[in-house]
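The following exercises are to be worked with the sequence and the coordinates at hand. Each consists of a task and a solution in steps.

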Amino acid sequence: MQSKQNLIALRKTQFQQRLLLNHQLIEIVKHTESHAFLTNPAAHNVYLYLTNYIRVCSEAWFKTKLTTLRVLDWGCGKGHISFLLREMGATVTSCDVTSGAAFGQDAPIIDRTSISVVSLEHPYLLPFDDASFDVVLSFGVLEHVSNDLASLHEIRRVLSPQGLFFCFFLPYYLSWTQRLAHLRGNFYHDRLYSKKLVKNLLSQSQFQLIDLWHRQLLPKNRISYVNHHSFESLDRWLTENTFLKYIATNIEFVAFKN
């Protein structure tokens, strides 16, 4: 296993990677309005470097290739994370509260790439054996479950010893974009998180925190930028090095089963 300091340095390096857009993914979703954000280079790029970071971090932690690890895409939604990881050769189990559709919407990625989705019938219990996975992913999921602590306990149960839990897009309680959304009556994220709350939840569920960071100061899903790579570099620099990180949209973390 790598030290925490090495993994923090690795994350900062990997987030700076300038990756090519996945045109197959863009082609699949280009006619589906609910997936339009994936055709926007600024938003698309975020998923590319986050999934690449998962690969590099997991390989460094376990000292083996991603292709040998068992990955759970918990709350796979539209299926784009499962798709990108499968493109890397990962063995991915996808699960969600529905199978074949993402929150009642069309699911072209799941349908056209034959992603099998395990249906979740319980608010937090998972239909998997103990220690079934080496890596569990939450891409904007933890904040939507009915009981986040119970869900974390269940994620820990299905993780192998020293298994990794990656949590992205966790809405930050001081975020200017979240506050603006609430003022407009949009409570899609009705539960917001602080670093202290995250640390308490991880401690109660017997996870050991490896890395915790702020990300995304400026919106990306619906706004196009002339040079999305340069824009992303600026955004990350601001959330790493200035006080503006305290109003960023998300906090994110990686932890392991202690």
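**Exercise 1. Two loop residues with positive phi**

Q206 is found in the loop between α8 (195-204) and β6. The model is a predicted one.

Task: Determine what sign phi takes at Q206, and state whether S205 is buried or exposed.

Solution.

Step 1. The backbone of Q206 has a positive phi of about 65°, although the residue is not a glycine. Most residues other than glycine have a negative phi.

Step 2. The relative accessible area of Q206 is 46%, so this residue is partly exposed.

Step 3. S205 also lies in the loop between α8 and β6. Its relative accessibility is 0%, and S205 therefore counts as buried.

Step 4. Leaving aside neighbours within four places in sequence, S205 is in contact with L149, L152, H153 and R156.

Step 5. A further case is K63, which is not a glycine and has a positive phi of about 55°. K63 belongs to the loop between α3 (41-62) and β1. Its relative accessibility is 56%; because the cut-off for exposed is over 50%, K63 counts as exposed.

**Exercise 2. The sheet**

Task: Establish in which order the strands of the sheet are arranged, and find which strands form its edges.

Solution.

Step 1. The sheet is open and consists of seven strands in the order β3-β2-β1-β4-β5-β7-β6, with mixed pairing.

Step 2. β3 (117-119) and β6 (207-215) are the edge strands, each pairing on one side only.

Step 3. With direction ignored, neighbouring strands of this sheet are turned against each other by 20° on average.

Step 4. Consider next β1, which has neighbours β2 and β4 in the strand order. β1 and β2 (residues 91-96) run parallel and are joined by five bridges; D73 stands opposite S94 in β2.

Step 5. On the other side, four bridges join β1 (residues 70-74) to β4 (residues 133-139), and these strands also run parallel. The bridge partner of W74 in β4 is S138.

Step 6. Burial completes the description of β1: four of its five residues are buried, and the strand is mostly covered.

**Exercise 3. Buried faces of two helices**

Task: For helices α1 and α7, identify which residues are buried and which elements they pack against.

Solution.

Step 1. An α-helix has 3.6 residues a turn, so residues three or four places apart point the same way.

Step 2. In α1 (residues 4-14), the buried residues are L7, L10, R11 and Q14. Viewed down the axis of α1, they fall within an arc of 100° and so line one face of the helix.

Step 3. The elements against which the buried residues of α1 pack are α3, β6 and α9 (228-241).

Step 4. In α7 (residues 176-183), burial is found for T177, Q178, A181 and H182. Their arc around the axis is only 140°, which puts them on the same side of α7.

Step 5. The buried residues of α7 pack against β5 (159-171). Just after α7, G185 adopts a positive phi of about 85°.

**Exercise 4. A buried glutamate**

Task: State where E232 is placed and with which residues E232 is in contact.

Solution.

Step 1. E232 is part of helix α9. Its relative accessible area is 2%, so E232 is buried.

Step 2. Neighbours within four places in sequence being left aside, the contacts of E232 are A42, N45, V46, Y49 and K220.

Step 3. As a check on separation, E232 and H44 are 188 residues apart in sequence, and their C-alpha atoms are 11 Å apart in space.

**Exercise 5. The chain as a whole**

Task: Explain why the radius of gyration of the chain agrees with that of a compact globule.

Solution.

Step 1. The chain has nine helices and seven strands.

Step 2. For 258 residues, a compact globule would have a radius of gyration near 18 Å; the chain has 17 Å, and the values therefore agree.

Step 3. Along the principal axes, the C-alpha atoms fill a box of roughly 45 × 40 × 40 Å.

Step 4. Of the 258 residues, 55% are buried. The chain exposes about 11800 Å², of which carbon and sulfur atoms supply 53%.

Step 5. Among contacts between residues at least 6 apart in sequence, 74% join residues at least 24 apart.

Note on methods. Residues numbered from 1 in each chain as written. Predicted model: local features only at pLDDT ≥ 70, side-chain atom pairs only at ≥ 80, totals over all residues. Heavy atoms only, no water. Pairing = 2+ DSSP bridges. Axes fitted to C-alpha atoms, helices over the stretch in contact; angles between N-to-C directions. Buried < 20%, exposed > 50% of the residue type's maximum accessible area, 1.4 Å probe, protein only. Arc of directions from axis to C-beta. Contact = heavy atoms within 4.5 Å. Rg over C-alpha atoms; globule rule 2.2 N^0.38 Å. Areas by Shrake-Rupley, 256 points an atom, 1.4 Å probe, with all protein chains shown as cover.
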